[in-house]
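Visitor: Could you take me through one part of this structure in detail? I would like to follow a single helix and what surrounds it.

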Amino acid sequence: MAELKTKVTTQSVEEYLLQIPNETTRKDCQTLCKLMEDKTQAKAKMWGSAIVGVGDYTYSYSTGRTGDWFMMGFSPRKANISLYIMGCNADERQNILPRLGKHTTGKGCVYVKKLSDINMDVLKEMCEISYRNLKK
C-alpha cells in the first residue's frame, strides 16, 4: 500500500506565509489561515512544503484503510490560491460554487486568484458546511 507523501511538518505556518512574495497573495493567505482556524478552532499546520492545513481529520476507505489529513486548507501557487475544502458533497458544491464568485475548480480544489474576486460570506458558509460534515 502506497504511503502519502504529503505529511505534517514542523515548518512554521507564520514564517511560510511571510515568505510569499506577492503582497496581495500573502495578505489573502493570512486571512484564509485566520478564517479556517476560527472555523475549526484548530491551529494551522504545514503539510509538506507548500500546503497550509487546518483541523485534523481521519478518513477511511471501505477496505478499512485509514489516513490522516486536514479538514480544510490552502496553498498559494504561482497562478492562483488552491483551496482545499473537502467536506462539501456534490449537491452542496453545486449550490455554493455559483454564488462564490470568480473561481475555477479541479478534482478536489477550488482555485481563486485573490479573495477580492470572491464572496467571503459564501466562502465562510462553505467552510462551515465542510467542517460540520467532517465532524460527523
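Visitor: Let us look at α2 and the loop after it. Is Gln41 buried or exposed, and why does it count that way?

Guide: Happy to help, and please keep in mind that this is a predicted model. Gln41 counts as exposed because its relative accessibility is 68%, and the cut-off for exposed is over 50%. Gln41 sits in the loop that links α2 (23-40) to β1 (45-47). Its phi is near 55 degrees, a positive value in a residue that is not glycine.

Now for the helix that comes before that loop. α2 is built from 18 residues, and its first and last C-alpha atoms are 26 Å apart, close to the 26 Å expected at 1.5 Å a residue. At its start, a side-chain oxygen of Asn22 comes to within 3.0 Å of the backbone nitrogen of Thr24.

The buried residues of α2 include Cys29, Leu32, Cys33, Leu35 and Met36, along with Thr25, Arg26, Asp28, Glu37 and Thr40. An α-helix has 3.6 residues a turn, so residues three or four places apart point the same way. Among the elements that cover the buried residues of α2 are α1, β2, β3, β4 and α4.

What does the helix join? The largest nonpolar core has 32 residues, and Leu17, Val52, Phe74, Leu83, Ile85 and Leu123 have the most contacts inside it. α2 is one of the elements that give two or more residues to this core. Cys33 of α2 is in contact with Val52, whose other partners include Leu17, Met72 and Phe74. Another core, of 7 residues, lies apart from it and includes Trp47, Ile51, Tyr59 and Trp69.

Notes
Residues are numbered from 1 along each chain as its sequence is written. This is a predicted model: local features need pLDDT of at least 70, side-chain atom pairs count only at pLDDT 80 or more; totals for chains, interfaces and linings use all residues. Side-chain values use heavy atoms; hydrogens and water are left out. Helices (H or I, at least four residues) and strands (E, at least two) are DSSP runs, numbered from the N terminus. Buried means under 20% relative accessible area, exposed over 50%, partly exposed in between (1.4 Å probe, protein chains only). A nonpolar core is a set of buried Ala, Val, Leu, Ile, Met, Phe, Trp, Tyr and Cys residues joined through side-chain atoms within 4.5 Å. Contact means heavy atoms within 4.5 Å. The expected span of a helix is 1.5 Å times one less than its number of residues. A polar contact is a pair of N or O atoms within 3.5 Å; within protein, one must be able to donate a hydrogen and the other to accept it, and residues adjacent in sequence count only if both atoms are side-chain atoms.
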